[in-house]
Amino acid sequence: MSDAQDEIFCCDSLNGVVAELPEPAAPTVYRADNGVLMMVVGLVQTEEGLGYLDQAILHCPFCGTNLQDAKAIAEKVSH
């Protein structure tokens, strides 16, 4: 990567997510204990091991179907 491309990253963690890392954690799409459908969107190697960033899925990433809305997710998370 060139230095100009490196400048778009705000932190080492974001840069690490974009860099090649070990195979993705499985499953990359899962239902959390609170029932919210989640997707792993990034991985980063830390001193403590592999860390991940996940995001609630509002729409199917493949067909666009609305799966859940932000209000329903907020209610599940707040309980």
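Two strands count as paired if DSSP finds at least two bridges between them. The legends below use that pairing in a predicted model.

**View 1. The whole chain combines three helices and three strands.**
The predicted model has 79 residues. Along the sequence, the elements follow the pattern α-α-β-β-β-α. Of the residues, 20% count as buried. The accessible surface of the chain comes to about 6,100 Å². Carbon and sulfur atoms hold 55% of that surface. Take the contacts between residues at least 6 apart in sequence: 20% of them join residues at least 24 apart.

**View 2. Three strands make an open, antiparallel sheet.**
The strand order is 1-2-3. Strand 1 covers residues 29–31 and strand 3 covers residues 49–56. Both are edge strands, and each pairs on one side only. Strand 2 spans residues 37–46. Neighbouring strands are turned by 45° against each other on average, with direction ignored. In a regular strand, side chains alternate between the two faces of the sheet.

**View 3. Strand 1 meets strand 2 through three bridges.**
The two strands run antiparallel. Which residue of strand 2 is the bridge partner of Tyr-30? That partner is Met-38. Val-29 stands opposite Met-39, also in strand 2.

**View 4. A hairpin turn links strand 1 and strand 2.**
Five residues lie between the two strands. Gly-35 sits in this turn. Its phi is positive, at about 95°.

**View 5. Eight bridges join strand 2 and strand 3.**
The pairing is antiparallel. Gly-42 has Leu-53 of strand 3 as its bridge partner. Val-44 stands opposite Gly-51, also in strand 3.

**View 6. Strand 2 and strand 3 form a hairpin.**
How many residues lie between strand 2 and strand 3? The hairpin has two residues between them. The hairpin of strand 1 and strand 2 has five residues between its strands. Strand 3, residues 49–56, is an edge strand of the sheet.

Key: Residues are numbered from 1 along each chain as its sequence is written. This is a predicted model: local features need pLDDT of at least 70, side-chain atom pairs count only at pLDDT 80 or more; totals for chains, interfaces and linings use all residues. Side-chain values use heavy atoms; hydrogens and water are left out. Helices (H or I, at least four residues) and strands (E, at least two) are DSSP runs, numbered from the N terminus. Axes are lines fitted to C-alpha atoms, for helices over the stretch in contact, and angles run from 0 to 180 degrees between N-to-C directions. Buried means under 20% relative accessible area, exposed over 50%, partly exposed in between (1.4 Å probe, protein chains only). Contact means heavy atoms within 4.5 Å. Accessible areas come from the Shrake-Rupley method with a 1.4 Å probe; for residues, only the protein chains shown count as cover.
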